[in-house]
Amino acid sequence: MLLDAIGSVVPYAFAMSVVYHRDGPPDHVVDTFTGRAAKQAMQLYLEGTYILNPVYNAYLAGLRAGVHRLRELAPDNYFSSDHYRQFKVRRQDDEELGYLTHGWPAGMEEVVIAIELPQGDLGEISLYRQAGRGGFAEPDCALLQALEPLIGAIYRRIWQHRPRRVRQGGRASPLDHLLEDFGKGKLSPRECEVAHMILKGHSGESIARNLGISITTVKTHRQNLYAKLGLATQQELFSLFIRSLQEKDALLPERR
């Protein structure tokens with residue numbers, strides 16, 4: 001009903017909502033996707049590919065309530081490698097972010113309504129429109145921003161009465177911390193930071209800016225981490241990361 005109300009003010013083609021946690025995978029709240037492929041893509045997202053998503057990574061970095069275009073949340077070199085097809089994600093140059101989860105509705109522009117929830121959780125309502133038909137105009141986003149306090153209040157009331165899933169003893173999913181753990185034991189703390197930012201889609205310039213170091217220093221750290229991991233290219237780094245995901249997959253707790 002909340003999605004219908006939003007759609008009566010700002011029409012959309014599709015919508016979905018999840019809630020992110022810092023101690024495990026997201027909870028599915030609702031979606032309007034139709035067709036088996038789109039439903040499978042939603043399940044794939046919940047089971048793993050969410051860790052590649054800019055909204056989830058922005059949440060981990062402290063994203064606050066508000067209305068955001070998805071492309072505004074993404075790093076400047078977001079997942080340029082087509083090696084992500086190994087994780088059932090394929091490069092798609094006409095997509096906002098340059099990739100598409102297998103089965104996800106194609107050619108969409110996405111606007112995100114972020115909603116702060118108790119215990120540090122974050123609700124996401126994502127609205128989709130065909131990018132080829134103009135996507136979301138600035139007046140649409142301004143209207144959603146004006147409505148965000150009301151939407152957030154209603155969403156928090158809904159979430160308050162939603163049955164909670166059983167958490168696994170308060171322990172985080174290995175998949176949630178895979179980026180944090182990747183390279184530990186082989187790389188220095190700074191080299192780990194650089195590797196993680198490369199995997200999140202940052203360019204060398206973006207890494208230098210975020211870490212407060214020179215681009216020359218970034219290149220040095222990148223060369224050193226490649227040497228320590230036995231790699232020669234960024235594509236090999238992506239491939240190593242994907243293999244790590246696949247190896248860790250068997251350790252994921254069951255969803256309830």
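Two rings of Phe, Tyr or Trp count as a pair when their centres lie within 6.5 Å, with planes under 30 degrees apart called stacked and over 60 edge-to-face. Keep that handy, since this predicted model holds seven aromatic pairs.

**Stop 1: the tyrosines**

Select Y20 and Y59. Their rings sit 6.1 Å apart, centre to centre, with 25° between the planes, so by the under-30-degree cut-off the pair is stacked. Y20 belongs to strand β1 (residues 14-20) and Y59 to helix α3 (residues 54-60), so this pair links distant parts of the chain, 39 residues apart. Both Y20 and Y59 are buried.

Now add Y50 and Y56. What is the geometry of that pair? It is edge-to-face, because the planes stand at 85° with the ring centres 4.9 Å apart. Y50 and Y56 are buried too. Bring in Y45 and you have the whole group: Y20, Y45, Y50, Y56 and Y59 form one aromatic cluster.

**Stop 2: the cores**

Stay on Y20. Along with L225 and L237, Y20 has the most contacts inside the largest nonpolar core, a set of 44 residues. Colour helix α7 (residues 189-199) next: six residues of this core come from that helix, the largest share. Apart from this core lies another one, of 20 residues, including L2, V10, Y12 and V111.

For a close-up, centre on L225. Leaving out residues up to four places away in sequence, L225 touches L187, E191, V194, A195 and L237.

**Stop 3: salt bridges**

The count of salt bridges comes to eight. Three are worth a click.

- D31 and K39: the closest N and O atoms are 2.7 Å apart. D31 counts as buried at 13% relative accessibility, whereas K39 is partly exposed at 39%.
- R69 and E138: here the closest N and O atoms are 3.1 Å apart. R69 lies in strand β3 (residues 66-69) and E138 in helix α5, so the bridge ties together parts that are 69 residues apart in sequence. R69 is buried, with a relative accessible area of 6%, while E138 is exposed at 54%.
- R190 and E193: the closest N and O atoms are 2.9 Å apart. Both residues lie in helix α7, three residues apart, or about one turn of the helix. R190 is partly exposed at 28% relative accessibility, and E193 is partly exposed at 34%. Then go back to R69 and E138 and select R71 and E109 with them: salt bridges that share partners join R69, R71, E109 and E138 into one network.

**Stop 4: a surface patch and a loop**

Turn on the surface and pick L150, I154 and I158. Together they form a nonpolar patch with about 260 Å² of accessible area. I154 sits in helix α5 (residues 138-160) and is partly exposed, with a relative accessible area of 35%.

Next, find A74 in the loop between α4 (70-73) and β4 (89-91). Is A74 buried or exposed? A74 is buried, at 17% relative accessible area. Measure across to A58 in your viewer: the C-alpha atoms are 8.4 Å apart, with the two positions 16 residues apart in sequence numbering.

**Last stop: zoom out**

Show the full cartoon, and you have ten helices and seven strands. Of the 256 residues in the chain, 51% are buried. The chain exposes about 12,800 Å², and carbon and sulfur atoms supply 51% of that area. For a contact map, note that among contacts with a separation of 6 or more, 66% join residues 24 or more positions apart.

Note on methods: Residues numbered from 1 in each chain as written. Predicted model: local features only at pLDDT ≥ 70, side-chain atom pairs only at ≥ 80, totals over all residues. Heavy atoms only, no water. Core = buried A, V, L, I, M, F, W, Y, C linked by side-chain atoms within 4.5 Å. Buried < 20%, exposed > 50% of the residue type's maximum accessible area, 1.4 Å probe, protein only. Helix = DSSP H or I, 4+ residues; strand = E, 2+ residues; numbered from the N terminus. Contact = heavy atoms within 4.5 Å. Areas by Shrake-Rupley, 256 points an atom, 1.4 Å probe, with all protein chains shown as cover. Patch = residues over 30% accessible without salt bridge, like charges linked within 9 Å, V, L, I, M, F, W, Y side chains within 5 Å. Salt bridge = Lys/Arg side-chain N within 4 Å of Asp/Glu carboxyl O. Phe/Tyr/Trp six-rings, centres within 6.5 Å; stacked < 30°, edge-to-face > 60°.
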